[in-house]
Amino acid sequence: MHVYVGTDKHINGGSPVISSIEVRPLPEEAYESKSLRKAYRINSGYINGSLRYPSDPYDRIWDADQDYTPFHVSAGFHVLLSLNLTTIKENPPVDVLQTARVLARRDALTYNLPLDTLGDYYVVLYFAGILPVSPSFDVLINGAVAESNYTVRMAEASTLHFTWKGIQSLNVTLKSNRFSPQINAIEVFEIVDVPLEASSTTGSMSFLSSVFK
């Protein structure tokens, strides 16, 4: 959601006023039916600033990759490859899926993501087979195995979704089983409660604003 704010010098000495509101719909059935507040949206493997509209028609802002370890043995890749996106309901930009963070010479790639508040969080991990191998790896969330022996297949895109409760920091680790583990993007959202007295319209607007940031 975009809110354009201007000022009118003739009203109360220049108080801001809303001149227009622009709302773009989310992809159908994306992010499940939850009220979410964005904590992270990372374009893994891409370090040259953020990516947004027109690359993402929904104007989500995908931030540059900087929270991973180990720095010296994980490389960023950008490969222009056609991908099968039919299984991804969140409809991420192809530009995001064509970049990846890939581990080399170690057995674990890790993202350490501090969170602002103690709470429940919804995590989306994006994978796309942009390299000529099909790596398999375990996905650990805060040290616990969340997905075992996950395989990224060449020229295919896929996602993993997790809900993690009662946490104030997030550690995502890909532990190698076969070939080098890779990840293309990460989204992390705080799950927030919408007051019962809020109307469906109010809840929807709040949801859109939080997800699009």
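In this predicted model, strands β8 and β9 form a hairpin with 2 residues between the strands. Asn-142 takes a positive phi near 50° in this hairpin. The residue lies in the loop between β8 and β9 (144-151). The two strands run antiparallel and are joined by 5 bridges. Within this pairing, Val-139 stands opposite Glu-147 in β9.

Strand β8 also pairs with β10, again in the antiparallel sense, over 6 bridges. Here Val-139 stands opposite Leu-174 in β10. Val-139 thus has a facing residue in β9 and another in β10.

Burial of β8 was examined next. Of its 6 residues, 6 are buried, so the strand is largely enclosed by the rest of the structure. In a regular strand the side chains alternate between the two faces of the sheet. Both faces of β8 are covered. Ser-136, Asp-138 and Leu-140 are buried on one side. Phe-137, Val-139 and Ile-141 are buried on the other.

Asn-142 contrasts with this strand. Its relative accessible area is 32%, and because buried means under 20% and exposed over 50%, Asn-142 counts as partly exposed. Its contacts include Trp-164, Ile-167, Ser-169, Leu-170 and Asn-171, with residues up to four places away in sequence left out. Two of these partners are reached through polar atoms. The Asn-142 side chain reaches the backbone oxygen of Ser-169 at 3.1 Å. The same side chain reaches the backbone nitrogen of Asn-171 at 2.7 Å. Asn-142 and Ser-169 are 27 residues apart along the chain, yet their C-alpha atoms are separated by 8.2 Å.

Leu-170, a contact of Asn-142, also belongs to the largest nonpolar core. This core holds 26 residues, and Leu-125, Phe-127, Leu-170 and Val-188 touch the most other members. At least two core residues come from each of β3 (36-43), β7 (108-128), β8 (136-141), β10 (157-178) and β12 (185-191). Strand β7 gives the largest share, 8 residues.

Val-188 illustrates the packing. Beyond residues up to four places away in sequence, Val-188 touches Arg-37, Lys-38, Ala-39 and Tyr-40, among others. Its contacts also include Leu-113, Leu-115, Tyr-121, Tyr-122 and Val-123, as well as Leu-170. A second core, separate from this one, has 18 residues. Among them are Leu-36, Val-124, Tyr-126 and Ala-157.

Terms used. Residues are numbered from 1 along each chain as its sequence is written. This is a predicted model: local features need pLDDT of at least 70, side-chain atom pairs count only at pLDDT 80 or more; totals for chains, interfaces and linings use all residues. Side-chain values use heavy atoms; hydrogens and water are left out. A nonpolar core is a set of buried Ala, Val, Leu, Ile, Met, Phe, Trp, Tyr and Cys residues joined through side-chain atoms within 4.5 Å. Buried means under 20% relative accessible area, exposed over 50%, partly exposed in between (1.4 Å probe, protein chains only). Helices (H or I, at least four residues) and strands (E, at least two) are DSSP runs, numbered from the N terminus. Contact means heavy atoms within 4.5 Å. A polar contact is a pair of N or O atoms within 3.5 Å; within protein, one must be able to donate a hydrogen and the other to accept it, and residues adjacent in sequence count only if both atoms are side-chain atoms. Two strands pair if DSSP finds at least two bridges between them.
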